[in-house]
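Please open the model in your viewer and keep the selection panel at hand, as the tour moves from one selection to the next.

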Amino acid sequence: MRELPDELPEEDAAAVLHTLPLPLPANNYPVVFAPDQLPEAASVTRPSYPFHETPIPDFRPEDGRKLTGPVTLGDWLRARGTLDVTVDLDDARQAEFRFEFTGLVPDSLYTVMSLRAKDLDPDAPTRPGPLGVPNVFVTDEHGTASYRAVLPNPFPDPALPGANRIISVVVLWQSYQQNYGGAIGHFGLGGDIHAQLKLPDPSFDEFLTTD
């Protein structure tokens, strides 16, 4: 392991990205991401794969895999996104999230994850969930896409019992080109979901919604 410089040398920019092997090495996060679909996720063993060679379930060559070339670190770091959040002051029971993206991996399946305050609770973390269901978008051949979701009461008063506000959003590239419904993935970050964009700090303090 080493820290990468802000300006990547050509050798680092050309590094081909891979999934992590399963079970995830050095995983200290106790939450199962898909308890109904795969409650024993930690028992699955798989090697690491280059992103463009990750084995898509039930795929046949004649089906036409879209991503066929390596994804490099330089490619990955070109991703950019904007997010607009709107809460109707006359009816603050929901909030709308609108995203625009450029520079993502072309012709690929992505999902958007919500990160809530208690998802990072070291004593009793809650399970991270989708930002809307379905939380899916597909990039075009240039890596461009948009996404929209409306969520009920995503920013409750933090003083209320049980309040679990959204504090960030994460844009995930799906290496197995699958969506998991109400789960963000089966195995976790680096295994089958790969965080490409994220707000740098906890956000949305200015918003308040009600149920």
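Begin by selecting Phe99, which counts as buried at 3% relative accessibility, where buried means under 20% relative accessible area, exposed over 50%, and partly exposed in between, taken with a 1.4 Å probe and protein chains only. What you have open is a predicted model, in which local features need pLDDT of at least 70 and side-chain atom pairs count only at pLDDT 80 or more, while totals for chains, interfaces and linings use all residues. Residues are numbered from 1 along each chain as its sequence is written, and side-chain values use heavy atoms, with hydrogens and water left out.

**The aromatic pairs**

Rings of Phe, Tyr and Trp (its six-membered ring) are taken to pair if their centres lie within 6.5 Å, and planes under 30 degrees apart count as stacked, over 60 as edge-to-face and the rest as tilted. By this rule there are 14 aromatic pairs. Add Tyr147 to your selection: with Phe99 it forms a tilted pair, 6.0 Å centre to centre and with 45 degrees between the planes. Phe99 lies in strand S2 (residues 94-102) and Tyr147 in strand S6 (residues 145-152), so this pair ties together parts that are 48 residues apart in sequence. Helices (H or I, at least four residues) and strands (E, at least two) are DSSP runs, numbered from the N terminus. Tyr147 is itself buried, with a relative accessible area of 7%.

Next select Phe137, which forms a tilted aromatic pair with Tyr147 at 6.1 Å centre to centre, with 45 degrees between the planes. This pair links distant parts of the chain, Phe137 being in strand S5 (residues 136-138) and Tyr147 in strand S6, ten residues apart. Phe137 is buried too, at a relative accessible area of 5%. To show the wider group, select Phe99, Phe101, Tyr110, Phe137 and Tyr147 together, since ring pairs link these residues into a cluster.

**Two loop positions**

Now move to Ser175, in the loop between strand S7 (166-174) and strand S8 (193-198). Is Ser175 buried or exposed? Ser175 is buried, with a relative accessible area of 1%. Leaving aside neighbours within four places in sequence, Ser175 is in contact (heavy atoms within 4.5 Å) with Thr19, Thr54, Gly191, Asp192 and His194. Select Ile56 as well: Ser175 and Ile56 are 119 residues apart in sequence, yet their C-alpha atoms are 8.2 Å apart in space.

The next stop is Tyr49, in the loop between helix H1 (10-13) and helix H2 (73-76). Beyond its neighbours within four places in sequence, Tyr49 is in contact with Leu17, His18, Thr19, Thr54, Pro55 and Tyr176. A distance drawn between the C-alpha atoms of Tyr49 and Pro21, which are 28 residues apart along the chain, should read 7.8 Å.

**The whole chain**

Finally, clear the selection and display the chain as a cartoon, in which two helices and eight strands can be traced. From the N terminus on, these elements run α-α-β-β-β-β-β-β-β-β. The C-alpha atoms fill a box of roughly 50 × 40 × 35 Å, taken along the principal axes. Buried residues make up 42% of the 211 residues in the chain. Among contacts between residues at least 6 apart in sequence, 72% join residues at least 24 apart.
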